[in-house]
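Hi everyone, thanks for making time this morning. I'd like to walk you through a structure that may be new to you, so please have it open and follow along with me.

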Amino acid sequence: MTLMPGSLMALPGTLLSPTIFDPVLLGNGWRWQPLDWLVGPGNGDLEIAAGEIVARWPARELGHRVLGHRVLDRRVLVGHSAGGVVALQVAAQLGCELDGLILIDTGASAAHHGDPDLPQRLLAQWGEAFIETFLLRCIGEEPLTRHGDELRRYALSAGPQRAYRAMTSLRRLDLTGRLGDIRCPTLVVHGERDPARSLQHARALTSGIAGARLEILDAGHTPMLERPEALATCLDDFLATLD
């Protein structure tokens with residue numbers, strides 16, 4: 001069996017376009033495969049989204065042959081923010097069937113989340129002004145200048161109902177007791193200036209997932225847009241350990 005660089009199947013945070021991963025340039029043949037879970041069959045519910053991904057996860061036997069050798073195209077799951085909560089559920093169900101897990105600015109529960117009233121404000125204030133404030137908090141002023149047009153379009157097209165389901169399902173979930181079910185190599189990345197998730201969330205993940213490694217970046221909630229080069233270095237180092 002020959003192990004080949006493969007896909008990083010990436011789940012963004014709520015209301016963030018899957019294109020947020022594009023600025024992070026991967027090395028050694030790895031490639032991004034974003035998953036737009038928010039507009040999937042679950043209509044934003046994090047548990048339903050996780051179940052759909054597990055049901056469609058490619059089986060290992062779907063590798064191909066090159067010059068007579070069996071080649072396995074590896075798949076690593078990446079979850080950011082609410083997408084990380086989806087990724088945690090998928091990883092707990094897949095166990096050793098998953099080649100790796102990368103969690104970015106997320107947590108096993110919404111305890112001590114930086115904005116507990118966000119779902120209610122979303123429904124009451126939905127519109128361009130709300131989206132602008134939301135994105136500014138998520139990604140910061142400079143990345144919003146560079147990427148704002150695409151992000152605004154995506155968020156507005158997703159609509160308030162899906163986002164509300166995502167935010168409320170996130171707040172009712174506590175996956176702390178399932179972290180021990182995660183059996184694959186895991187990297188936890190956290191921006192030390194994150195206004196939504198604290199370093200406490202990241203440390204709880206690394207202590208609950210066997211062998212998990214923690215990397216702290218000088219970034220806010222969305223290092224893919226704020227510090228793409230630094231994040232790429234972290235990911236390349238971690239992916240090299242999967243060889």
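Let's begin with helices H4 and H5, whose crossing is right-handed. What we're looking at is a predicted model, so please keep that in mind throughout. H4 covers residues 128–139 and H5 covers residues 141–158, and the two pack at an angle of about 135° with their axes 10 Å apart. Angles between 115 and 145 degrees fall in the oblique class, so H4 is oblique to H5.

Which residues of H4 and H5 meet? On the H4 side, they are Glu128, Ile131, Glu132, Leu135, Leu136 and Ile139. On the H5 side, you'll find Glu141, Pro143, Leu144, Leu151, Arg152, Ala155 and Leu156. If you sort the residues of this contact by character, nine are nonpolar, four are charged and none is polar.

While we're in H4, have a look at Arg137, which sits in that helix. Is Arg137 buried or exposed? Neither, as it turns out: its relative accessibility is 32%, so it counts as partly exposed. Setting aside residues up to four places away in sequence, Arg137 touches Gly114, Asp115, Pro195 and Ala196.

Now for a second helix pair, H3 and H6. H3 runs over residues 118–125 and H6 over residues 160–172; their axes come within 9 Å and cross at roughly 165°. Because that angle is over 145 degrees, H3 is roughly antiparallel to H6. This crossing is left-handed, whereas that of H4 and H5 is right-handed.

The H3 side of this contact is made by Leu118, Pro119, Gln120, Leu122 and Leu123. H6 brings Pro160, Gln161, Ala163, Tyr164, Met167, Thr168 and Arg171. Here the residues divide into eight nonpolar, three polar and one charged.

H6 also gives us a way over to a loop. Asn43 is found between strand E2 (31–34) and helix H1 (46–56). Leaving aside neighbours within four places in sequence, Asn43 is in contact with Leu38, Arg162 and Arg165. With a relative accessible area of 32%, Asn43 is partly exposed. For a sense of distance, try finding His190: it is 147 residues from Asn43 along the chain, and their C-alpha atoms are separated by 27 Å.

Next, please find Met224, in helix H8 (residues 223–226). How far apart in space are Met224 and Val24, C-alpha to C-alpha? They are 6.2 Å apart, although their positions lie 200 residues apart in sequence. Met224 has 0% relative accessibility, so it counts as buried. Its contacts, not counting residues up to four places away in sequence, are Ile20, Phe21, Pro23, Val24, His80, Ile104 and Leu231. We can also link Met224 back to Arg137 in H4: those two are 87 residues apart along the chain, with 14 Å between their C-alpha atoms.

Let me finish with the core. The largest nonpolar core has 80 residues, and Leu8 and Leu15 are those with the most contacts inside it. Helix H2 (residues 82–94) supplies the largest share of this core, nine residues.

What does Leu8 touch? Not counting residues up to four places away in sequence, its partners are Leu26, Trp30, Arg31, Trp32, Gln33, Val76, Val78, Ile102, Leu235 and Leu239. That's my tour, and thanks for listening!

Notes. Residues are numbered from 1 along each chain as its sequence is written. This is a predicted model: local features need pLDDT of at least 70, side-chain atom pairs count only at pLDDT 80 or more; totals for chains, interfaces and linings use all residues. Side-chain values use heavy atoms; hydrogens and water are left out. A nonpolar core is a set of buried Ala, Val, Leu, Ile, Met, Phe, Trp, Tyr and Cys residues joined through side-chain atoms within 4.5 Å. Buried means under 20% relative accessible area, exposed over 50%, partly exposed in between (1.4 Å probe, protein chains only). Helices (H or I, at least four residues) and strands (E, at least two) are DSSP runs, numbered from the N terminus. Contact means heavy atoms within 4.5 Å. Axes are lines fitted to C-alpha atoms, for helices over the stretch in contact, and angles run from 0 to 180 degrees between N-to-C directions. Angles under 35 degrees count as roughly parallel, over 145 as roughly antiparallel, 65 to 115 as roughly perpendicular and the rest as oblique. A crossing is left-handed if the near helix is turned anticlockwise from the far one by less than a right angle, and right-handed if clockwise. Ala, Val, Leu, Ile, Met, Phe, Trp, Tyr, Cys and Pro count as nonpolar, Asp, Glu, Lys and Arg as charged, and the others, Gly among them, as polar.
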